[in-house]
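Got the structure open in your viewer? Here is a short walk through it, one selection at a time.

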Amino acid sequence: MVDLKRQYEKISSEVDSAVLDVIRSTQYINGPEVKEFQKELEEYLGVKHVIPCANGTDALQVSMMALDLKPGDEVITTSFTFVATVEVIALLGLTPVLVDVDPDTFNIDPEAFRKAIGPRTKAVVPVHLFGQCAHMEPILEIAREKGIYVIEDNAQAIGADYISGDGGRQKAGTLGDIGCTSFFPSKNLGCYGDGGALFTNDDSIADKLRMIVNHGMKKRYYHDETGMNSRLDSIQAAILRIKLRRLDEYASARRKAADYYDSAFEGEENIQVPVRSSFSTHVFHQYTLKTGNVDRFGLQEFLMDKGIPAMVYYPVPMHMQKAYSDPRYKKGDFPVTEDLSKRVISLPMHTELDNEQLEYITENVLSFFKR
Ligand SMILES: *Cc1c(COP(=O)(O)O)cnc(C)c1O
């Protein structure tokens, strides 16, 4: 699905020397590389504060801890997401309230969000799934009106631009109260291990986030609240600095591969290519097809036999997972999510796809429908 080896080979001399420098410096934790990366990411995103942390799941957890949510408070998110979003809500004793998604963008349906708001709703987590932004303007408007915090799960869309009605652009993850991201190796900005970060424009929230990732302390050994140990290590920060400089170039390589797929599949009635929304650029974390009335796992197996990986993100919606099933939800409650979970399939998508590979992949996908 991703080719991290070829990507590394192109930057290996830079990466190798940066990693060696950190090792020789012995400043493995909170070294200068972390601070530099933080500043460079703030500048790239146009956001006031970046707080690095250990991974994307921690970022989500820390964001909810910082907002003083109490057990039983409700947090709204979608049923069509990676588990981490729902997992941390449950882990903190909060109540996940799931809603349906838009059939074209796979992102939270703003009207479904509005309808799910109750007296205990404290936050909403729009997930910018597969590389494009949720429709933030209506979400922010509803949230402001009702006094609800907005936490963006931006693990899959770092670098994407949200485009407002007036044509203004802001980076994904910087529109809500807090943005969360992951630097897991296969993410669009991936390190060579685990990593994550939080973003905010609010000074007091930033203070709180910094304290929580550092054992709840501002002054050493004086603990003002219950925190965590969640750090980005210096070696990962050094690697991320090198890759951040190439993030836009990486996004265009992904977009070029997506364009190739789009035109190759034009006219194939069994598949719908990803819809590109008017309010977001697409950084193609995944290239996800919606299949028609076809045997999707049959297609996956057919491709695997030809040496082409294809994955189903995600086959089981959160409300149908054993861990998150809840008497409030039953099969059929989120028709769009359930339909998508039966029809989506993602093709290889990364920065190193060349035309020969794309031709091989698309020809094989199309041949499946001609058998
Ligand atoms: C990857 C991912 C996360 C979690 O990130 P980790 O760094 O793996 O903890 C959270 N949300 C979404 C949508 C993701 O894709």
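## Stop one: the loop after H1

Start with Asn30, which you'll find in the loop between H1 and H2. Keep in mind as you go that this is a predicted model. Check the backbone of Asn30: phi is positive, about 50 degrees, although the residue is not a glycine. With a relative accessibility of 54%, Asn30 counts as exposed.

Now select Ile29, in the loop between helix H1 (4-25) and helix H2 (32-45). Ile29 counts as partly exposed, at 46% relative accessibility. Add Leu20, Ile23 and Tyr28 to the selection and switch on the surface: together with Ile29 they make a nonpolar patch of about 350 Å².

## Stop two: another positive phi

Jump to Phe106, in the loop between strand E3 (95-99) and helix H5 (110-116). Phe106 is another residue other than glycine with a positive phi, here near 65 degrees. Is Phe106 buried or exposed? Its relative accessibility is 6%, so Phe106 counts as buried.

## Stop three: E4 and E5

Next, show strand E4 (residues 121-125) alongside E5; the two run parallel and are joined by two bridges. To see how they line up, pick Ala123 and look across to Tyr149 in E5. Then colour E5 (residues 149-153) by accessibility: four of its five residues are buried, so the strand is largely enclosed by the rest of the structure.

## Stop four: Asn188 and its company

Select Asn188, in the loop between strand E8 (178-182) and strand E9 (196-200). Asn188 is buried, at 6% relative accessible area. What does its side chain reach? One polar contact goes to the side chain of His285, at 2.9 Å. A polar atom of the Asn188 side chain also lies 2.9 Å from the backbone oxygen of Val283.

Widen the selection to everything Asn188 contacts beyond four places in sequence, and you'll pick up Gln156, Ile158, Leu247, Arg254, Val283, Phe284 and His285.

## Stop five: helix H8

Now bring up helix H8 (residues 234-244), where ten of the eleven residues are buried. Don't expect a purely nonpolar list: the buried residues include Ser234, Gln236, Arg241 and Lys243, along with Ile239, Leu240 and Ile242. Which elements cover them? Show H1, H2 and helix H9 (247-265), which are among the things covering the buried residues of H8.

Before leaving, zoom in on the N-terminal end of H8, which is capped by Asp233. A side-chain oxygen of Asp233 sits 3.1 Å from the backbone nitrogen of Ile235.

## Stop six: a three-stranded sheet

Select E10, E11 and E12, which form an open antiparallel sheet in that order. Strand E10 (271-272) and strand E12 (344-347) are at the edges; each has a single partner strand, so one side of each is left without a neighbour in the sheet. Two bridges join E10 to strand E11 (residues 287-291). For a pair to click on, try Ile271 and its bridge partner in E11, Thr291.

## Last stop: a cis peptide

Finish at Tyr314, in the loop between helix H10 (296-305) and helix H11 (335-343). Look at the peptide bond leading into Tyr314 from Tyr313: the bond is cis, with omega near 0 degrees.

How values were computed:
Residues numbered from 1 in each chain as written. Predicted model: local features only at pLDDT ≥ 70, side-chain atom pairs only at ≥ 80, totals over all residues. Heavy atoms only, no water. Buried < 20%, exposed > 50% of the residue type's maximum accessible area, 1.4 Å probe, protein only. Polar contact = N/O pair within 3.5 Å; in protein donor to acceptor, adjacent residues only side chain to side chain. Contact = heavy atoms within 4.5 Å. Patch = residues over 30% accessible without salt bridge, like charges linked within 9 Å, V, L, I, M, F, W, Y side chains within 5 Å. Areas by Shrake-Rupley, 256 points an atom, 1.4 Å probe, with all protein chains shown as cover. Salt bridge = Lys/Arg side-chain N within 4 Å of Asp/Glu carboxyl O. Pairing = 2+ DSSP bridges.
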